[in-house]
Each structure stands twice: as structure tokens, then as C-alpha cells.
Amino acid sequence: MSILSLFVVIPALMLLGLWIARNLNQVRGVMVAGSSCLLALSVWLTVAFIQARQSGNTDPMLFTYSVTWFEPLNIAYAVGVDGISVVMLLLSSIIVFTGTFASWQLKPLTKEYFLWFTLLSTGVFGFFICVDMFTMFMFYEVALIPMYLLIGVWGSGNKEYAAMKLTLMLMGGSALLILGILGIYFFNGATTMNVMEIAANNHIPRNIQNIFFPFIFIGFGVLGALFPFHTWSPDGHASAPTAVSMLHAGVLMKLGGYGCFRVAMFLLPSAAQELSWIFLILTTISVVYGAFSACVQTDLKYINAYSSVSHCGLVLFALLMMTKTACTGAIIQMLSHGLMTALFFALIGMIYGRTHTRDIRKLGGLMKIMPFLSVGYVIAGLANLGLPGFSGFAAEMTIFVGSFENADTFHRAATIIACTSIVVTAVYILRVVGKILYGKVADPHYLELTDATWDERVAVCCLIFCVAGLGIAPLWVSNVIGDAVGPILNVINF
């Protein structure tokens with residue numbers, strides 16, 4: 001059995017441990033032990049992967065393992081990782097670890113909350129390690145279903161509406177996905193569902209590819225906040241509890257970009273070339289629309305949610321440019337945005353837990369009252385607007401430089417339009433930072449509030465370290481990703 005199976009086994013053991021836990025301390029102990037093991041495993045995997053590549057191993061997938069579990073349809077539990085999968089596993093483990101500490105004080109029904117949170121994490125890890133389309137889709141569904149209860153039970157605001165809207169729209173995307181997956185399977189000869197094997201022996205006619213490419217791309221794109229299918233995202237983020245928002249925006253939305261690249265574009269390359277201009281227009285709208293929408297919001301979570309629409313739009317935008325530099329930037333952006341938005345949502349949750357409001361019109365002077373959380377918010381904001389030295393700068397510069405490598409007018413015009421989002425992002429980030437952190441204290445009762453507790457400091461410091469680390473030393477991530485992006489683009493740009 002591959003070492004990768006531990007990414008599913010450990011969460012399964014965590015679920016068992018949570019089920020038999022009898023008090024809050026035991027629940028916390030299970031979560032800390034399990035999330036620490038996942039983080040350590042992902043770090044070890046990253047190091048082992050880099051060493052394997054440096055030693056000359058050029059296999060497209062490493063640590064592979066496959067066993068058939070439904071022979072009539074050639075469905076297998078097939079796992080393996082390339083550079084893209086490795087960094088996504090690392091991101092997921094960081095968010096699960098920090099999300100555990102961000103939920104340290106959550107009540108009531110803490111045990112039940114962590115059960116569903118862990119089940120969601122299981123789906124995410126399983127999705128990133130699988131190379132069999134059906135098994136990948138199965139884990140995709142496992143990751144989506146817990147969101148309804150996590151938001152509907154433990155959320156805030158209009159949580160029932162947000163949970164139902166999110167579930168219906170994402171399930172609609174799933175319906176498109178299963179149609180697309182079955183189309184790829186049957187029109188390629190119904191011999192395998194392994195992504196790598198299909199790509200190596202692709203017999204799907206161009207006209208069939210054009211039919212099923214929109215199914216796959218839109219199906220995954222719904223989760224990646226593709227315009228106009230993004231409307232579930234702001235409501236879902238705004239109503240979700242803190243750690244769920246962190247995992248949702250930080251990791252779950254990355255399943256969309258990952259699936260579009262790994263399945264839609266990789267397995268249907270002719271259609272990707274022919275139809276990319278349509279989706280490039282939609283993603284350009286996502287990038288600009290999300291940034292301008294964030295400018296007019298007054299709720300901190302809605303501001304970050306629309307910001308996520310813009311930044312996740314950049315991921316799909318860069319992938320559709322189909323140059324190695326742009327696609328590498330897209331994966332770095334997935335990693336960067338996951339860390340930044342998790343930090344933002346963690347800080348917003350901590351501020352809301354003290355002030356009981358997310359309305360920026362009712363906040364002010366927080367730097368005097370809670371300096372640690374305020375400095376953390378400033379750092380998250382600077383990273384989000386792309387300040388050099390933070391992860392956002394490395395990701396966005398790589399995307400825009402790679403996108404401009406396309407010499408035709410259409411692609412360069414789209415790149416210039418998307419670049420305007422940088423200016424708009426700076427406007428709403430600096431506006432919010434100035435409004436809620438500086439000036440007079442908005443409410444005298446805020447003077448009685450306390451700064452971050454030890455568990456909150458652990459989550460915030462870990463995320464800040466990762467955001468700064470990726471910004472200062474992005475080259476190692478770029479090298480790991482580049483070895484995976486190249487072979488996929490060779491198939492797409494045949």
C-alpha cells in the first residue's frame with residue numbers, strides 16, 4: 001500500500017477517535033494529534049518528492065499504488081502524486097492544522113463539529129491523491145456534503161439559506177461532472193478511468209471533446225467561483241464558522257482549479273484549445289467583478305469572500321492561458337490564496353468573536369485594543385494586495401508575465417484588463433485596514449476586550465510564517481510545480 005493512503009487512513013482514525021472521545025479535552029487531543037500527523041506527513045512527502053526528482057526520477061507520478069475495486073467499470077483505488085498534488089496536500093494539512101486551533105473555543109456540539117470537519121478534510125486529501133476519475137469524484141462528493149451541516153448548524157447569519165444555496169449549486173456542478181466523466185470513459189473505449197492512462201491513450205474525437213469539455217470545466221469551475229456560477233460563494237463564506245471558512249476558501253475552492261487542469265484540460269486538450277476563449281472571458285469577468293464587488297461591501301467576511309472570487313478567478317484565468325509560466329503561477333496562486341484567505345478568515349472570526357460584529361461601519365481603533373490580531377490583519381492585507389515579500393506578489397507576477405507571453409491581441413487585452421484588479425484590491429484592502437484598525441475606538445465597550453489567546457496565536461503565526469516564507473522563497477515551489485505542469489501542457493499544446 002502506498003504511503004499516500006495515510007492521508008485517508010489518518011483522518012479515518014481521527015473520526016474513530018472523535019467518536020469514542022468522552023470530553024472536550026479528548027476531542028481537542030484527537031484533533032491536535034491527527035492534524036499534526038497530517039502536517040508532518042505532508043512535509044515528509046514534500047521532502048521525499050523533491051529528493052526523488054533530484055535523484056533523476058522522471059516518472060509522471062510518484063508513490064503510485066492501484067487496486068481494482070469495481071471491475072465491471074474498471075474503477076480502481078489508484079493513487080499517485082506529482083508536484084501539483086504535493087503542494088496541494090501541504091496546503092491542506094496546514095489549513096487543517098491551523099483550523100483546529102482556530103476552532104479551539106468553539107461551542108456547542110464541539111465533538112460533532114470536528115467529526116464533520118474531519119470528514120470534509122478526508123474528502124479533500126483523498127481528492128488530491130487519486131488519479132482514478134471515479135474515485136476522485138467520490139472524494140470530491142465527500143468533501144462537499146459536510147458543508148451543508150457545518151454551515152447550517154454552526155454558522156451565523158442567514159445560515160440555512162446559505163447552506164442550501166451552496167449545496168444545490170455545488171451539487172448541480174457535480175451532476176455536470178459525472179456526465180463529463182462518463183463521457184470521457186465511454187468515448188475513450190471504456191477500458192480505464194485512470195487519468196494518466198487516458199491521457200497517454202486518448203482516442204476521444206474532437207467533436208466529442210467539444211461536447212464534454214464544458215461539462216467538466218463548468219462542473220469544477222462552479223467550485224472555483226467561475227462567473228456566473230459564483231453566487232454561492234459569498235453567502236457560504238459569510239455564514240460559515242471560522243475554521244470552515246478557512247478550509248472552504250483555503251482548500252475546497254482549489255479543488256475546482258485542480259480539477260479543471262487535471263481532468264478537463266488534460267483529458268480533453270483539443271476542446272481546451274478550441275473553447276478556451278469562452279471561459280477566458282468568463283474568468284476575466286470573475287477577476288474584475290470580484291474585486292469591484294469587494295469594494296462596496298461592509299461585512300468583513302463578504303469583503304474577503306468577493307476577494308476570493310477575484311483571486312480564484314485568476315487561477316482559472318492563468319490556466320486557460322496555457323503557457324508554462326502562467327500555469328505555474330496559477331498553482332502558486334492556489335497555494336498563496338489558500339494561505340492568505342485562511343489567515344484572513346481566521347482573523348475575522350477572532351475579531352467577530354470579541355466584538356460580535358463584522359460591519360466595518362461599527363468597528364474602529366482595534367489596533368489599540370488587540371494589537372496582535374490587528375498586526376496580523378495588516379500582514380494579511382498586504383499579502384492580499386500583492387506586496388513584494390509576500391506570497392501574493394510572487395503568484396500574481398508569475399501569472400501576468402506568463403499570460404502576456406501570448407502574442408495575440410485577445411490574450412494580451414484580457415491580461416491588461418485582469419491587471420486592473422491589482423489596483424482595485426489595494427483600494428478595498430487599505431480602506432478596510434484604515435477603517436477598522438485605526439482612528440477612534442468605535443464603541444467604549446471594545447476597551448474591555450482582550451487580545452489573542454495562545455491557541456489563536458498558534459494559528460495566526462503559522463499562517464503568517466507560510467505566507468511570508470512562500471513570498472521570500474518561491475523558487476522551490478516553482479521548481480516542484482514546473483516538473484508537473486510541463487508534461488500536462490505538452491499534451492494540451494500538442
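1. Start at Gly56, just after helix H2: this glycine takes a positive phi of about 105°. Keep in mind as you look that this is a predicted model.

2. Now step back into H2 itself, which covers residues 24–54. How far should its 31 residues span? At 1.5 Å a residue, the expected figure is 45 Å, and the end C-alpha atoms are 45 Å apart, so the two agree. At the N-terminal end, the helix is capped by Asn23. Look for a side-chain oxygen of Asn23 that sits 3.2 Å from the backbone nitrogen of Asn25.

3. Next, find helix H3 (residues 83–102) and helix H4 (residues 110–129). Their axes come within 9 Å and cross at roughly 170°. Angles over 145 degrees count as roughly antiparallel, and H3 and H4 therefore earn that label.

4. Who touches whom in this pair? From H3 you have Ser85, Met88, Leu89, Ser92, Ser93, Val96 and Thr100. They meet Phe114, Phe117, Ser121, Val124, Phe125, Phe128 and Ile129 in H4. Sorted by class, the contact of H3 with H4 has nine nonpolar residues, five polar and no charged. If the spacing of those numbers catches your eye, recall that an α-helix has 3.6 residues a turn, so residues three or four places apart point the same way.

5. Don't skip the loop between H3 and H4, where Leu109 lies. Its phi is near 55°, a positive value in a residue other than glycine.

6. Another loop to visit runs between helix H9 (206–223) and helix H10 (232–239), and Pro228 is found there. What kind of peptide bond joins Phe227 and Pro228? A cis one, with omega at about 5°.

7. Further along the chain, helix H15 (residues 324–355) packs with helix H18 (residues 391–403) at an angle of about 155°, and their axes are 8 Å apart. H15 and H18 are therefore roughly antiparallel to each other. Their crossing is left-handed.

8. On the H15 side, the contact is made by Thr325, Ala326, Thr328, Gly329, Ala330, Ile332, Gln333, Ser336 and Met340. H18 brings Ser391, Gly392, Ala395, Glu396, Thr398, Ile399, Gly402 and Ser403. By class, the contact of H15 with H18 comes out as six nonpolar, ten polar and one charged. Try colouring both helix pairs by class on your screen: H3 with H4 has no charged residues in its contact, while H15 with H18 has one.

Definitions and conventions:
Residues are numbered from 1 along each chain as its sequence is written. This is a predicted model: local features need pLDDT of at least 70, side-chain atom pairs count only at pLDDT 80 or more; totals for chains, interfaces and linings use all residues. Side-chain values use heavy atoms; hydrogens and water are left out. Helices (H or I, at least four residues) and strands (E, at least two) are DSSP runs, numbered from the N terminus. The expected span of a helix is 1.5 Å times one less than its number of residues. A polar contact is a pair of N or O atoms within 3.5 Å; within protein, one must be able to donate a hydrogen and the other to accept it, and residues adjacent in sequence count only if both atoms are side-chain atoms. Axes are lines fitted to C-alpha atoms, for helices over the stretch in contact, and angles run from 0 to 180 degrees between N-to-C directions. Angles under 35 degrees count as roughly parallel, over 145 as roughly antiparallel, 65 to 115 as roughly perpendicular and the rest as oblique. A crossing is left-handed if the near helix is turned anticlockwise from the far one by less than a right angle, and right-handed if clockwise. Contact means heavy atoms within 4.5 Å. Ala, Val, Leu, Ile, Met, Phe, Trp, Tyr, Cys and Pro count as nonpolar, Asp, Glu, Lys and Arg as charged, and the others, Gly among them, as polar.
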